[in-house]
Amino acid sequence: MRQPWRVAVVGGGIAGLAAAVRLRDRAPAGTEITVYEQSGALGGKLRTGELAGQPVEFGAESFLMRDPTGAESAAVALARRLGLADQIVHPTVGRAALVIDGGLRPIPGGTLVGVPGDLDRVTTVARPAAGADTDGGRPLVGLDADVSVGALVRSRFGDEVVERLVDPMLGGVYAGRADDLSLVTTMPALARAARVEHTLTGAVRAAQAAAPRAPGAPVFGTLAGGLSTLVEAAVTASGATVRRDAAVRELTPTGTGWRLTVGPTRDPELVDVDAVVLAVPARPAARLLAGPAPAAAAGVGQLDYASVALVTLALPQPELPELSGFLVPSTEGLLIKASTFFTTKWGHLRRPDGLALVRASVGRYGEEAQLQRPDADLASTVHRELSAVLGAPLPAPVDGHVQRWGGALPQYTPGHADRLAAARTALRAAHPTLVLAGAGYDGVGIPVCVRSGETAAEEIITALGGSAR
Ligand SMILES: Cc1cc2nc3c(=O)[nH]c(=O)nc-3n(C[C@H](O)[C@H](O)[C@H](O)COP(=O)(O)OP(=O)(O)OC[C@H]3O[C@@H](n4cnc5c(N)ncnc54)[C@H](O)[C@@H]3O)c2cc1C
């Protein structure tokens, strides 16, 4: 292999940047890393903006502190690697609520993304079906099987637990419905336990016991300066050349590596590299793979996405409950899917003048028409619905921002993990120097995407014949 290695990272989201940092740390010294990002900004779904003179997240807001095994999450490890560990802050108010029959009720504790391990604890919001979670003498889910989270929970706990607890909590992450989402990909710890345990309450308890949390240990963290500081620090640490406004339109195998076609059709730039980390969502990835790896493209391209809009309002001294926010079951008939009271939830965002920043997320999978409305209409509907849920009219906003994320949240249907494994096997066999990374493949969330990028970098290093340092 020629030295120095030239590695292209296609996609400047957190997965691509984590790959770039890992390449810098483990690939031979002098490796030339270039990040190609089609938009004008790095970070992908991580975007810290400003509202009413205050930094505020217009995309992802926080990260899990621990992974499903209970170990430090890859996001925390990356922050530490980048010298940002002392910038990690935690919610000062962690309690959130559910909207039930138009009013707020505390979210019951002790569930796994809404799936209870103790049915008595959820009766304040949902009536579990009586006597359905019986031991049938075999594991809940077959060894290689996958089911939808909704189907499993409905069969064991009844419809209300799905509609009032699991749907809003999973929907808060995926903007999708529990009935469509894969157990294996969206709730891997529960899936593992369900292959052993005979009841769903038993499986939830086993999954929780497998990742014990020290009492009082924070579940979520963010960076005091905003998540864009993670993006900037990753770029610096990677020492990568960054190409913004540089869409990669074609990947062509050259025999010894890859030729990238970059930029506008009329004036393309051709770049030769030894290996590629493909860290873009599944749809653009499928287009790029269609020529060199059609089997992988077909598998990857089956993934569908939900669109959402985030409406953030700056409200002068509103009366807000001491909650981090609330989630809305789709059965409530509101446009708002979830709301975060930023300035209540995060102590570092509180303002002496009492100005509150409240964000509402709008849009569920299959209801894209709701997002066709103009920004002002979305903002006024959110304002009206917030007032109704809180039971008192909120003051008029002094500032507002609408961030649209089109086709942003993957809808992993049952069987996603197997389809992906087959796509990766096909790709590895044909082209070991082209590796997929990011939310289109391994799951959403900053920690999962960081890990995915790092794993991709290590695969590239192995494929190029280097040993990880
Ligand atoms: C609204 C919203 C809120 C979220 N909130 C949270 C949260 O609070 N906590 C959490 O952990 N996770 C959250 N997530 C999920 C998390 O943000 C994502 O899973 C993660 O950021 C995805 O990272 P990625 O690098 O895989 O993809 P992306 O962030 O999508 O990055 C991919 C990049 O590739 C670029 N690209 C695409 N095609 C090309 C091309 N042909 N050439 C060059 N570049 C290309 C894109 O422009 C983009 O910048 C949220 C997601 C959304 C949408």
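These legends accompany several close-up views of a predicted model.

**View 1. The ligand and its shell.**
Let us start with the ligand, which has 35 residues around it. Those that come nearest are Glu 37, Lys 45, Ser 62, Ala 439 and Ile 446. By class, the shell divides into 23 nonpolar, nine polar and three charged residues. Helix α1 (14–26), strand β17 (304–316), strand β21 (399–411) and helix α15 each contribute at least two residues to this shell.

**View 2. Backbone atoms beside the ligand's oxygen atoms.**
Here we look at three places where the protein backbone meets the ligand. At Glu 61, a backbone N or O atom sits 2.9 Å from a ligand oxygen. Gly 445 brings a polar backbone atom to 3.0 Å from an oxygen atom of the ligand. For Ile 14, the distance from a backbone N or O atom to a ligand oxygen is 3.2 Å. Taken alone, the ligand would expose 1000 Å², and the protein buries 88% of that area.

**View 3. Glu 61 and the residues it touches.**
Glu 61 belongs to the loop between β4 (54–57) and β5. Is this residue buried or exposed? Glu 61 has a relative accessibility of 11%, so it counts as buried. Its side chain makes a polar contact of 2.7 Å with the side chain of Trp 346, and another of 3.1 Å with that of Lys 345. Leaving out residues up to four places away in sequence, Glu 61 also touches Thr 222, Leu 227, Thr 340, Phe 342 and Arg 359, among others. The backbone of Glu 61 is the part seen in View 2, with an N or O atom 2.9 Å from a ligand oxygen.

**View 4. A salt bridge between Arg 451 and Asp 67.**
The structure holds 25 salt bridges, and this view picks out one of them. The side chains of Arg 451 and Asp 67 meet with an N to O distance of 3.9 Å. The pair ties together distant parts of the chain, 384 residues apart: Arg 451 is in helix α15 (residues 446–463), while Asp 67 is in the loop between β5 (63–64) and α2 (74–81). Arg 451 is partly exposed, with a relative accessible area of 40%.

**View 5. A salt bridge between strands β14 and β15.**
Arg 259 and Asp 272 form a salt bridge whose closest N and O atoms are 2.7 Å apart. Arg 259 lies in strand β14 (residues 258–262) and Asp 272 in strand β15 (residues 269–273), with their positions 13 residues apart in the chain. Both ends of the bridge are partly exposed: Arg 259 has a relative accessibility of 35%, and Asp 272 has 33%.

**View 6. A salt bridge between helices α13 and α14.**
In this pair, the closest N and O atoms of Asp 442 and Arg 424 are 2.8 Å apart. Asp 442 comes from helix α14 (residues 439–442) and Arg 424 from helix α13 (residues 416–430), 18 residues apart. How do the two ends compare in burial, and which of them is buried? Arg 424 is buried at 17% relative accessible area, whereas Asp 442 is partly exposed at 31%.

**View 7. A network of four charged residues.**
Beyond single pairs, salt bridges also link Arg 22, Arg 26, Glu 454 and Glu 458 into a network. Side chains of opposite charge can pair when their charged atoms come close.

**View 8. Arg 419 on helix α13.**
Arg 419 is part of helix α13 and, at 26% relative accessibility, counts as partly exposed. Its side chain reaches the backbone oxygen of Pro 414 at 3.3 Å. Setting aside neighbours within four places in sequence, Arg 419 is in contact with Gln 302, Thr 413 and Pro 414. The C-alpha atoms of Arg 419 and Ala 298 are separated by 9.4 Å, although the two residues are 121 residues apart along the chain.

**View 9. Helix α2 and its cover.**
Which residues of α2 are buried? They are Ala 74, Ala 75, Val 76, Leu 78 and Ala 79. The elements that cover these buried residues include α1, β5, β6 (88–89), α8 (228–238) and α15. Just after the helix, Gly 83 adopts a positive phi of about 75°.

Technical notes: Residues numbered from 1 in each chain as written. Predicted model: local features only at pLDDT ≥ 70, side-chain atom pairs only at ≥ 80, totals over all residues. Heavy atoms only, no water. Helix = DSSP H or I, 4+ residues; strand = E, 2+ residues; numbered from the N terminus. Buried < 20%, exposed > 50% of the residue type's maximum accessible area, 1.4 Å probe, protein only. Polar contact = N/O pair within 3.5 Å; in protein donor to acceptor, adjacent residues only side chain to side chain. Contact = heavy atoms within 4.5 Å. Near = heavy atom within 4 Å. Areas by Shrake-Rupley, 256 points an atom, 1.4 Å probe, with all protein chains shown as cover. Nonpolar A, V, L, I, M, F, W, Y, C, P; charged D, E, K, R; others polar.
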